[in-house]
Amino acid sequence: MVYGAHRSPLLPPRPDLGLARDCEVCLGWGTVVSRDGEHELCHACQLAPEDDEVPSRHGA
């Protein structure tokens, strides 16, 4: 028997398809499906906003 996707009250994330165009991990979709069956942004081609705020170690 075939089962459909579970309905979720959350919308899937919106990837930047320009960044995803040549990605081999997500094949250009910008999202991947986790083991829990949830859509997540591709870790290889999509940058999360908190990734831009990594503290530098130049002053340490």
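**Fold, buried cysteines and confidence of the chain**

With a relative accessible area of 42%, E38 is partly exposed, and this residue serves here as a point of entry into a model that is predicted. The place of E38 is in the loop that runs between strand β1, residues 31-33, and strand β2. When neighbours within four places in sequence are left aside, the contacts of E38 are with V32 and V33, while L10, which stands 28 residues away in sequence, lies 9.9 Å from E38 in space when the separation is taken from C-alpha to C-alpha.

The secondary structure that surrounds this loop amounts to one helix and two strands, and these elements follow one another along the sequence in the pattern α-β-β. Of the 60 residues that make up the chain, 15% count as buried, and the chain exposes about 6,000 Å², of which carbon and sulfur atoms supply 54%. Among the contacts that join residues at least 6 apart in sequence, 24% link residues that are at least 24 apart.

The cysteines deserve separate treatment. The largest nonpolar core is formed by five residues, namely A20, C23, C26, C42 and C45, yet the structure holds zero disulfides. For C23, the nearest cysteine sulfur is that of C26, at a distance of 3.7 Å; because a disulfide requires sulfur atoms within 2.5 Å, C23 is in no disulfide. The corresponding distance for C45 is 3.8 Å, again to the sulfur of C26, and C45 likewise takes part in no disulfide. C23 has a relative accessibility of 12% and therefore counts as buried, and C45 is also buried, with a relative accessible area of 12%.

In terms of position, C23 is found in the loop between α1 and β1. The contacts of C23, not counting residues up to four places away in sequence, are made with G28, C42, A44 and C45. One of these partners, A44, is 21 residues away along the chain, and the C-alpha atoms of C23 and A44 are separated by 7.4 Å. C42, a further member of the core, touches C23, V25, C26, G30, T31 and V32 when residues up to four places away are again set aside.

T31, one of the residues touched by C42, is found in strand β1 and, at 17% relative accessibility, counts as buried because the limit for that class is under 20%. Beyond four places in sequence, T31 is in contact with P13, P15, C26, H39, E40, L41 and C42.

Q46 lies in the segment that follows β2, the strand of residues 39-41, and with a relative accessibility of 9% Q46 counts as buried. The side chain of Q46 reaches the backbone nitrogen of D16 at 2.9 Å. Apart from neighbours within four places in sequence, the residues in contact with Q46 are P15, D16, L19, A20, G30 and L41; among them, A20 is also a member of the largest nonpolar core.

L27 provides a contrast to these buried positions, being exposed with a relative accessible area of 68%. L27 lies in the loop between α1 and β1, and the phi angle of L27 is near 60°, a positive value in a residue other than glycine. In general, most residues other than glycine have a negative phi.

Confidence in the prediction remains to be considered. The pLDDT of the chain averages 78, and 67% of the residues score at least 70. As regards the helix and strands, the mean is highest in helix α1, residues 17-20, at 94, and lowest in β2, at 92. Over residues 52-60, by contrast, pLDDT stays under 50, and for this stretch the model has zero contacts beyond four places in sequence. Where pLDDT is low, the predicted coordinates should not be read in detail.

Methods
Residues numbered from 1 in each chain as written. Predicted model: local features only at pLDDT ≥ 70, side-chain atom pairs only at ≥ 80, totals over all residues. Heavy atoms only, no water. Helix = DSSP H or I, 4+ residues; strand = E, 2+ residues; numbered from the N terminus. Buried < 20%, exposed > 50% of the residue type's maximum accessible area, 1.4 Å probe, protein only. Contact = heavy atoms within 4.5 Å. Areas by Shrake-Rupley, 256 points an atom, 1.4 Å probe, with all protein chains shown as cover. Polar contact = N/O pair within 3.5 Å; in protein donor to acceptor, adjacent residues only side chain to side chain. Core = buried A, V, L, I, M, F, W, Y, C linked by side-chain atoms within 4.5 Å. pLDDT = per-residue confidence, 0-100.
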